[in-house]
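Subject: Handover of the two-chain model

Hi,

Here is the structure I promised to pass on. Please load it first, then read my notes below.

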Amino acid sequence: MTRPVSNCPNCGAKVMFQWSSSVQTVCEYCKSILVRTDIDLKKVGQVADLPPDTSPIQLNTEGIFRDRSFVVIGRILYQYDQGGWNEWHLMMNDGKSAWLSDAQEEYTVSSLACGPNLPSAAQLQVGQQFKWNGDLYSLSVITKAHYRGVQGELPFQYWDKSDVTFADFRTPSRKFATLDYSDADPVLYLGEFVEFEDLKLKNLRQFEGWS
Amino acid sequence: MSVGQPPLQLPPKPAVKALNCPKCGASITLRALGQAVAVVCTSCHSILDAKDPHLQIIQTFERITSTDAPLIPLGTRGKIRGTDYDVIGFQRRSIKVEGIRYAWHEYVLFNPYKGFRYLTEYQGHWNDVAICKEQPIVDTRFRISLEANYLGEEYKHFQTADATTDFVLGEFPWEVRVGEQATLTDYVHPPRVLSREKTSAEITWSIGEYLPGKDIWSTFHLAGDPPEAIGIYENQPCPVSANIKTLWMTFVGFAVVLCVLMIAFEVHAKREPVFHTSYQMNPGMPAGEASFVTEPFELTGRTSSVEISTSAAVQNNWIYLNYALINQDTGEAWDFGREVSFYSGYDSDGSWSEGAQSDSVVVPSVPAGHYYLRIEPEVDRNHPRIVYTVEVKRDVPVLGFYGIGFLALLIPPILLTWRSLSFERARWAESDHPPSAILKTESD
């Protein structure tokens, strides 16, 4: 198995990509944010020290979602006035990417989806309903989050953000949707709430006094 | 990972962290480090920002106006649904209904892998509460829907009230404040309660399940006894309702058995004639006291019922017979009186009749042996000639027994159903829809 390997343009450490489609990664040594170009890696920024977090998930955590195994290869950390959450970038065993979010240990797995007529951030109102893929989603909460940092590999460049709006949608089933307003156009992610046990996670962080 | 690759730098292990209150200097313990949003100083009750490394003050108080002690001490660990949780936060909230303040307690539970969970306690009634992942379905045409559907189950609206947070202690996954207002709407489907909590910022649905205090006590290994539960709580399961269905099913089962027995005895009854004689009362015979005994007859076979039938061709007249069925061998006697009367005539409504020209009575459980009847007829003073026939049959079906058995079987399910109905009445009396009001709206 050949993995794209390169060196950090900042410190020279070896940088290895786990997923061939990754666009961005963070040097484990010097915390430089590196973006892949056609030729080499370009340093585009630097990750500030991440706050101590208590997510049981970490890079290289493995699990299973809908009979497909995955490994955590990257992360975006957000903060908002009621705390923080992580969007863990998953590399599924079929080569696709997905996201595992852990807001106060409420877990969802979602992936990029297409939806017609996505509302603009200004149009959002709690209670609004949208039909995507035949399911009716109701807007439950709008979060003005603050981009706090990144870790590992991501499928896009993500390093110069400040405030980002998210709209979370719920359904009468476990289905879940998020509209991400990081960029000019909203991006839709569809997924579902998952139980911690059902993900059969391995290589989790250990918490003192807890097993 | 190949040799020579830089080791992944592991983030510091989170654990219980000790800090100091910026207001009074007392030590603060953070158990859900990184997940708690607010923490309350146990000493001065200032509410601090748990996300901030310096524990910036969110809310302080001029003086501690109220205090309360959690029944489960903060830091206690217990296993709920197979997962360990630490009690990390405690708050008292209250609602005001018709000028009376009702207060209850809420406990915040935390597990670093599974997140938060809650316990509520009101007058000894406990609920294990989790945030809903699935969105309940309500009728959005109304401000407050009277029903909610959650995971395919119907929940009935119980109460909507404005709650105030009166007292807080420990850690919370939201920025808690004393005086915080929320509109609570509870829907019940015992033993579960579906709660909608609306603040200015958001709507949160949670699902709770009723737990008796003793379960909480054993879960958290608490000393002593839990406070006794007072009254009936909104989602408290009716202690008998679970049995009612079983009981009615049992009743139906027994009733079927009774019917089968009845049919079997009816079919197999021999109806064996053992005695048949006619007597007559001629006019002018004394009206009473003239008792006589019949020829003896024999009852054979097993102990069985005996039917004594009397028929008399009375027309607008009556005959009363005092009977005694006497066992010749033992002297044991069964006494009973029977009347045969028949009246008929015409009036403005047409013909009418009353009574019958025959009568029968069944004496149950008569052993085999030699018997005779002592008969003492009574008739009207001016009686015409009355011929009456006395007939005795053994082994006849006794239907009355089945009726009694049937009624006896009915008692337990009816009693329990009545208890369940009064339990539900008491439950709903505390709701926004007391039973009389329900009747009223139904009749509208």
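Which residue in β8(B) is the bridge partner of Arg92(B)? It is His105(B). Keep in mind throughout that this is a predicted model.

**Chain B: the β7-β8-β9 run**

That pair belongs to a long ladder. Strand β7 of chain B covers residues 83-97, strand β8 covers residues 100-111, and 11 bridges join them. The two strands run antiparallel. Their hairpin has 2 residues between the strands. In that hairpin Glu98(B) takes a positive phi near 50°.

β8(B) also pairs with strand β9 of chain B, residues 115-122. Here too the sense is antiparallel, over 7 bridges. A hairpin of 3 residues makes the link from β8(B) to β9(B). For a pair to click on, take Phe110(B): its bridge partner in β9(B) is Phe116(B).

**Chain B: domains and a second sheet**

The domain assignment splits chain B into three. Domain 1 is 17-237 and domain 3 is 270-396. Domain 2 comes in two pieces, 242-265 and 401-443. Between the C-alpha centres of domain 1 and domain 3 of chain B there are 79 Å.

An open sheet of 4 strands in chain B has the order β17-β26-β20-β24. Its pairing is antiparallel. β17 (272-281) and β24 (358-366) of chain B are the edge strands, and each pairs on one side only. On average, neighbouring strands in this sheet are turned by 15° against each other, direction ignored.

β17(B) and strand β26 of chain B (residues 386-394) are joined by 9 bridges and run antiparallel. Within β26(B), Thr389(B) stands opposite Ser278(B).

**Chain A: overall**

Chain A has 0 helices and 15 strands. How does its radius of gyration fit the globule rule? For 211 residues a compact globule would come out near 17 Å, and chain A has 17 Å, so the two agree. The C-alpha trace of chain A spans about 50 × 40 × 35 Å along its principal axes. Of its 211 residues, 37% count as buried. Take the contacts in chain A between residues at least 6 apart in sequence: 50% of these join residues at least 24 apart.

**Chain A: the three-strand sheet and the domain contact**

Strands β3, β4 and β5 of chain A form an open sheet in the order β3-β4-β5, with antiparallel pairing. β3 (24-26) and β5 (41-46) of chain A each have a single partner strand, so one side of each is left without a neighbour in the sheet. The average turn between neighbouring strands of this sheet is 30°, direction ignored. Strand β4 of chain A, residues 32-36, is joined to β5(A) by 5 bridges. One bridge pair there is Arg36(A) with Leu41(A) in β5(A).

The domain assignment gives chain A two domains, domain 1 (5-46) and domain 2 (62-199). Their C-alpha centres lie 25 Å apart. Each domain of chain A puts 13 residues into the contact between them. On the domain 1 side, β3, β4 and β5 of chain A each supply at least two residues. β3(A) gives the most, with 3 residues. By class, this side of domain 1 of chain A has 7 nonpolar, 6 polar and no charged residues.

**Chain A: Ser97**

Is Ser97(A) buried or exposed? With 20 other C-beta atoms within 10 Å, Ser97(A) is buried. The cut-off for buried is 20 or more, so Ser97(A) sits right on it. Ser97(A) lies in strand β9 of chain A, residues 97-103. Leaving out residues up to four places away in sequence, Ser97(A) touches His89(A), Leu90(A), Met91(A), Met92(A) and Pro155(A). Leu154(A) is 57 residues from Ser97(A) in sequence, yet the C-alpha to C-alpha distance is 9.3 Å.

**Between the chains**

The contact between the chains takes 28 residues from chain B and 27 residues from chain A. The chain B side has 14 nonpolar, 6 polar and 8 charged residues.

Best wishes

Key. Residues numbered from 1 in each chain as written. Chains lettered and ligands numbered in written order. Predicted model: local features only at pLDDT ≥ 70, side-chain atom pairs only at ≥ 80, totals over all residues. Contact = placed C-beta atoms within 7 Å. Nonpolar A, V, L, I, M, F, W, Y, C, P; charged D, E, K, R; others polar. Domains from an automatic or database assignment. Pairing = 2+ DSSP bridges. Axes fitted to C-alpha atoms, helices over the stretch in contact; angles between N-to-C directions. Buried ≥ 20, exposed ≤ 12 C-beta atoms within 10 Å, placed from the backbone. Rg over C-alpha atoms; globule rule 2.2 N^0.38 Å.
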